Structures are given as C-alpha cells and as structure tokens.
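Reader: I would like to learn how charged side chains and packed helices are read from a model. Could we work through some cases together?

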Protein chains: 2
Amino acid sequence: MQAALPTFADVADAAHRLQGVAHRTPVLTSRTADAMTGAALFFKAENLQRGGAFKFRGAYNAISALPEAVRARGVLAFSSGNHAQAIALASRLLGVPAVIVMPEDAPAVKVEATRGYGAEVVSYDRYSQDREALGREIAGARGLTLIPPYDHPEVIAGQGTLALELIDETGPLDMLVACLGGGGQLAGCALAAAERSPGIQIYGVEPEAGDDGRRSFHSGQIVRIPVPRTIADGAQTTYLGNLTFPVIRQRVTDIVTVSDAELVETMRFFAARMKLVVEPTGCLAAAAVLHGRVDVRGKRVGVVISGGNVDITAYARLVAPAA
Amino acid sequence: MQAALPTFADVADAAHRLQGVAHRTPVLTSRTADAMTGAALFFKAENLQRGGAFKFRGAYNAISALPEAVRARGVLAFSSGNHAQAIALASRLLGVPAVIVMPEDAPAVKVEATRGYGAEVVSYDRYSQDREALGREIAGARGLTLIPPYDHPEVIAGQGTLALELIDETGPLDMLVACLGGGGQLAGCALAAAERSPGIQIYGVEPEAGDDGRRSFHSGQIVRIPVPRTIADGAQTTYLGNLTFPVIRQRVTDIVTVSDAELVETMRFFAARMKLVVEPTGCLAAAAVLHGRVDVRGKRVGVVISGGNVDITAYARLVAPAA
C-alpha cells in the first residue's frame with residue numbers, strides 16, 4: 001500500500017505545528033562566499049536548530065500529527081544519527097515514550113545524548129541482527145508507532161518548513177540547493193520552494209561515493225547501492241524512499257555530487273569565515289555551490305546547512321590543516 | 001583636553017549609521033545552557049558580525065561620523081587584531097584610505113586579511129620601535145585621522161548598538177554580561193542597556209591574568225598592569241580608557257574574572273552545543289555565566305559573544321579534548 005504523496009498543504013500544516021517549538025533558524029550571508037561564487041547566497045543555518053539539525057522539524061511534526069491515543073502509546077525509531085536524537089527530543093517535548101534502536105557499538109556520546117532526552121535505547125548487534133526486524137518486533141509487541149527517518153509524509157512536510165521560513169525571509173529565490181540522503185529534506189524543501197518561489201531551480205547534493213539519488217533521478221527508478229564510504233554520515237543512505245523519490249523527480253532540477261575532500265574544505269570555510277560548526281553532511285549543499293557543481297553566478301540562491309552534530313575530537317581533526 | 005563622555009543619544013545615532021551596513025546578528029538560545037544555569041540566556045552572536053567581531057560597529061561608526069573633508073584624507077589604526085580588520089573593512093566600504101600599523105612579526109594571515117580589505121599595512125619592529133609614536137608620525141605627515149580601538153566616543157557608541165539590538169529583540173532583561181578589554185564594548189552596551197532596560201544589572205568580564213578593569217572599578221582610579229598572559233588576546237589591554245572608565249564606573253554593577261581554562265571549556269561548549277566558533281576573548285561573558293561568576297539564577301540575561309576570529313589551527317588544538 002502506497003501512502004499519498006505529501007503536498008504543500010502538509011508543509012503549511014507542519015509550519016503551524018512547529019510554530020514556537022522549532023527554532024526559526026537565522027539566514028546568514030557571507031560577502032566572501034558571494035565574492036567566491038558571483039552569487040547572492042542565503043544560508044539557512046539548521047545547525048542552530050534544536051537538537052543540532054533540521055531533523056527535529058520532521059520528527060516533531062510526525063509525532064504531533066499522530067492521533068492522540070496512538071501517540072500516547074509511544075514511538076520507535078532506528079537510527080544512530082540525527083533522526084534518533086530528534087525523535088528523542090520531540091518525544092520528550094510531547095510527553096510521549098520513545099524507544100530508539102541503536103547498534104551496540106554506537107558512539108557512547110550519542111547513546112548518552114539520546115538517553116539524556118529521556119528515550120529508552122535498545123541495542124542490537126549490527127553484524128548478527130536485522131535492526132528493522134527487531135524494531136518492528138518491539139513496536140508490534142508494545143504498540144509503538146515507527147517513525148522512519150525520511151520516507152514518511154509528515155517527516156517530509158516537517159523538513160519542508162525550513163525552505164518556507166527561508167523564502168519568507170529572503171523573498172523569491174532563483175535557486176535552492178539542499179542536502180540529499182534519503183530525500184526527506186530535498187523533497188520537503190522542493191514542495192515548499194516550488195509553491196513560494198514559482199520557477200525556482202532546485203538542486204540536491206549527494207556525496208560522490210553515494211550517488212544513488214543522482215542515478216535514480218536520471219534513470220527514473222530507485223537505484224540501490226551498498227553503504228557508501230563517506231564522511232557525510234547523514235547521507236550514507238542506500239536508496240531514496242517511495243515517497244521522496246516521486247516528489248524529487250517531479251520538482252527537482254538536478255542532483256549533483258561532491259567529494260569528501262570538498263566537504264572538509266567547506267567545513268573549514270564555515271569555521272574560518274562564517275564561524276559555524278557544521279558537520280560533514282551539513283556541508284553538502286554549500287560544497288556544491290562553492291566548488292562550482294551548480295552554476296549560481298548572478299543568482300539569488302538558498303543554501304541549506306543541515307546540521308552541526310559532529311564529535312568535537314573528530315571535528316578538530318578535520319578542520320585542522322594538514323601538518 | 002577631555003572629550004565629552006558618550007551618551008545614549010550617540011548610540012542611537014550609531015544605530016542609524018549602521019542600519020543596513022552592520023549585520024543585525026542573531027540572538028541565540030540554548031536549553032542546555034539554560035538548564036546548566038537556571039536562567040534564560042540570550043546570546044548576542046557578534047562572531048557572526050561582518051569582519052567576525054563586534055569591532056566593525058565602532059570602526060564604521062567612527063569613520064562615518066568624521067566630517068567629509070577629514071574622512072577623505074584617510075584613517076589610521078594600530079592593531080594586529082579585530083580592530084585593525086574592522087577599520088580596514090569599514091574604510092573600504094566608505095571609500096576611505098586606511099593605514100594599519102602592525103608589528104612586522106604579526107601572523108601572515110592577519111596581514112593578508114587586512115591587505116585583502118584594501119588597507120595599507122605599515123610594519124614596525126615591536127622591540128625597537130614605539131608604535132604609537134610611529135602611528136602619530138605617519139598620521140601627522142599624511143593628514144590621517146587616528147581611530148583608537150576603544151577610547152573614542154563614536155567607537156564606544158558603535159559598540160553599544162549591539163545591546164540596543166539585543167534588548168529590542170528580547171524585551172527588558174534583568175542582566176547583561178559583556179566582555180571587557182579596554183572597555184569599548186562594556187561602556188557602549190551599558191549606555192544602551194541602561195536606557196532600554198532601566199534597572200538592568202550590567203557585568204563586565206575580564207581574564208583573570210588581566211584584571212586591571214576590576215581593580216580600577218573597585219579602586220576608583222585607572223590601574224595599569226603589564227601585558228597579561230592570557231589566551232583572550234582581545235583583552236590583553238593594560239588599562240581602561242579615559243572615556244570608557246567613567247561610563248563603566250557610573251553604570252556597571254560589577255566586574256568579574258574567568259580563567260583561561262574556563263575560556264577553553266566555554267569554546268568547547270559553544271562548538272559542541274551551540275555549533276558556533278568563538279574566539280577565546282569572545283567567550284569571556286559566557287564563561288562567567290556558565291561558571292557561576294555572576295548569579296544568573298531565575299533571571300533573563302543577555303550574554304555577548306564578541307567575536308570568532310581565531311586561527312583555525314589554534315582553534316582545532318584548543319577545542320580538541322586533551323588526548
């Protein structure tokens with residue numbers, strides 16, 4: 001059974017639910033970046049979002065859209081990344097029990113952060129256990145609702161609110177460049193941007209090593225790939241969703257890729273010039289713009305900074321210039 | 001001859017001059033910081049200001065307040081830090097020639113950045129030459145106006161605009177905590193805050209090693225100290241100014257100090273929790289709040305993040321946890 005595709009109306013509903021709960025993150029500009037690209041760039045700083053990433057929008061929207069009786073039983077997510085923390089945080093705010101299924105070798109700091117939000121963490125052995133089967137088993141036994149990280153109408157609609165805020169602040173844009181993992185951000189932003197800024201060009205950006213989205217977009221079918229090796233851990237997805245893919249096919253202009261080296265350079269750019277801590281995945285869109293993967297010259301361009309959740313030791317190592 | 005002390009009217013004039021030129025920097029909040037302190041904290045993120053620090057406000061205001069004929073001849077500053085870059089940037093925007101006097105062993109990156117803004121850099125040997133004498137000689141010979149880093153009415157007034165913006169956004173505050181080097185930021189913010197939020201308590205924060213401000217405040221006379229050893233390089237001033245000191249004495253509640261170790265911890269807090277790159281000096285106010293140097297419990301408190309200009313290699317070394 002195929003759920004109905006989300007529409008702009010869902011994004012508008014999400015914006016209403018998130019009002020006063022999600023941060024209205026700042027839109028930042030950089031004359032240096034403008035000079036480097038010949039464009040007027042507007043960076044939507046979702047690294048300053050609650051929970052440190054845009055994921056909070058979709059998580060909160062999806063949980064709060066559940067019927068009250070369903071919601072009260074609780075939710076479940078499997079993730080070791082930003083979606084897990086977003087679900088944990090949103091659940092706490094909504095007073096809903098949350099179970100997060102995480103690999104038993106997940107970084108202690110992430111496990112602690114998730115527990116810190118009050119969620120129950122269930123560990124599994126990623127070499128011998130199937131997390132999806134385990135998750136569905138727990139959800140079934142306890143009556144929990146599974147909230148997937150991207151292929152869910154309310155998750156997509158929630159992510160789209162970031163583009164809504166951006167364009168409401170900047171006015172019409174010529175182009176929007178978003179990050180692409182499973183497609184929640186790109187699909188949601190495409191719904192919002194196409195409505196608010198008719199004729200806007202929309203680009204998604206993937207890591208070079210994980211270009212399933214680009215290949216799917218061009219072939220017209222969802223392409224599956226093995227887990228890609230990239231520092232953009234939030235974009236190590238292996239296929240687009242049944243909901244995100246058709247929205248992306250309909251509304252997106254093209255999908256481009258960037259290398260890990262370009263992501264590191266962009267992390268340094270953000271630190272040195274814009275004074276922002278941005279995680280590798282959060283640099284995807286900006287890396288494409290700064291390295292000429294999309295032609296932004298003379299255009300007014302929205303660029304999504306998707307998150308800032310990176311272990312500080314790893315971060316220090318990445319941004320320090322090679323000795 | 002003593003120049004007249006700046007007043008709130010000067011801050012209001014400065015706000016008018018800076019309109020559309022300085023960034024209206026975002027006011028950021030952190031539930032984590034609020035939970036740690038029991039307060040409602042409002043961080044004014046001047047690390048996201050043009051030129052990477054609040055100094056742009058005072059520099060631009062001071063230059064644009066000069067009579068046109070005087071301004072056209074050019075300006076001069078001696079500094080290797082944020083003031084130099086702020087003067088260089090403001091001069092370029094105003095089409096004014098600028099000479100910056102810098103030690104010949106200043107970091108190449110700072111010299112390049114200053115030249116990048118179009119300023120002329122004059123080097124001196126810090127062991128054998130007196131920079132003030134050299135600066136005055138060049139200024140005299142070429143008809144340039146010296147813009148000092150803090151002890152100048154329009155510089156002080158310009159810095160005060162950050163507190164004006166902050167309180168206009170948050171509404172009345174119980175307390176404002178600012179960074180203290182030569183006193184430009186603290187004096188300017190005190191003028192603005194006392195007017196916009198009557199009864200507000202105002203605290204200045206210095207590095208422990210350079211507590212001349214605290215000693216001056218308590219003794220009632222400007223105390224001079226040797227150049228302090230601290231990582232807060234923007235607060236390595238050795239005495240308060242003839243204009244900043246009386247304003248601070250009149251309007252400030254108290255002056256407190258923090259250690260370099262607390263500054264480093266605060267840099268890590270900003271990176272890990274608020275996703276911001278903040279230079280050591282920029283952490284002074286937040287360090288005092290997070291380490292209990294001022295009692296903020298139950299209060300609505302403005303906290304100035306003064307700048308983010310830190311060499312990225314040094315930054316990476318400081319924020320990486322000890323191995």
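Reader: Is Arg214(A) buried, partly exposed or exposed?

Author: In this predicted model, Arg214(A) has a relative accessible area of 27%, and because that lies between the limits of 20% and 50%, Arg214(A) is partly exposed. Asp211(A), at 12% relative accessibility, counts as buried.

Reader: Which residue forms a salt bridge with Arg214(A)?

Author: Side chains of opposite charge can pair when their charged atoms come close. Here the partner of Arg214(A) is Asp211(A), with the closest N and O atoms 2.7 Å apart.

Reader: What does chain B offer in the way of salt bridges?

Author: Arg215(B) forms a salt bridge with Asp211(B), where the closest N and O atoms are 3.4 Å apart; Arg215(B) is partly exposed at 37%, whereas Asp211(B) is buried at 12%. Arg297(B) pairs with Asp295(B) at 3.2 Å between the closest N and O atoms, and there Arg297(B) is exposed at 60% while Asp295(B) is partly exposed at 43%.

Reader: How many salt bridges are there over all chains, and which residues are linked in a network?

Author: The count comes to 24 over all chains, and Lys44(A), Glu46(A), Arg57(A) and Glu165(A) are linked in a network of salt bridges.

Reader: How do α3(B) and α8(B) pack?

Author: Two packed helices are described by the angle between their axes and the distance between the axes. For α3(B), residues 55-64, and α8(B), residues 153-170, the angle is about 130° and the axes are 7 Å apart, which makes α3(B) oblique to α8(B). The crossing is right-handed, and the residues of this contact divide into four nonpolar, five polar and four charged.

Note on methods: Residues are numbered from 1 along each chain as its sequence is written. Chains are lettered from A and ligands numbered from 1 in the order in which they are written. This is a predicted model: local features need pLDDT of at least 70, side-chain atom pairs count only at pLDDT 80 or more; totals for chains, interfaces and linings use all residues. Side-chain values use heavy atoms; hydrogens and water are left out. Axes are lines fitted to C-alpha atoms, for helices over the stretch in contact, and angles run from 0 to 180 degrees between N-to-C directions. Helices (H or I, at least four residues) and strands (E, at least two) are DSSP runs, numbered from the N terminus. Angles under 35 degrees count as roughly parallel, over 145 as roughly antiparallel, 65 to 115 as roughly perpendicular and the rest as oblique. A crossing is left-handed if the near helix is turned anticlockwise from the far one by less than a right angle, and right-handed if clockwise. Ala, Val, Leu, Ile, Met, Phe, Trp, Tyr, Cys and Pro count as nonpolar, Asp, Glu, Lys and Arg as charged, and the others, Gly among them, as polar. A salt bridge is a side-chain nitrogen of Lys or Arg within 4 Å of a carboxyl oxygen of Asp or Glu. Buried means under 20% relative accessible area, exposed over 50%, partly exposed in between (1.4 Å probe, protein chains only).
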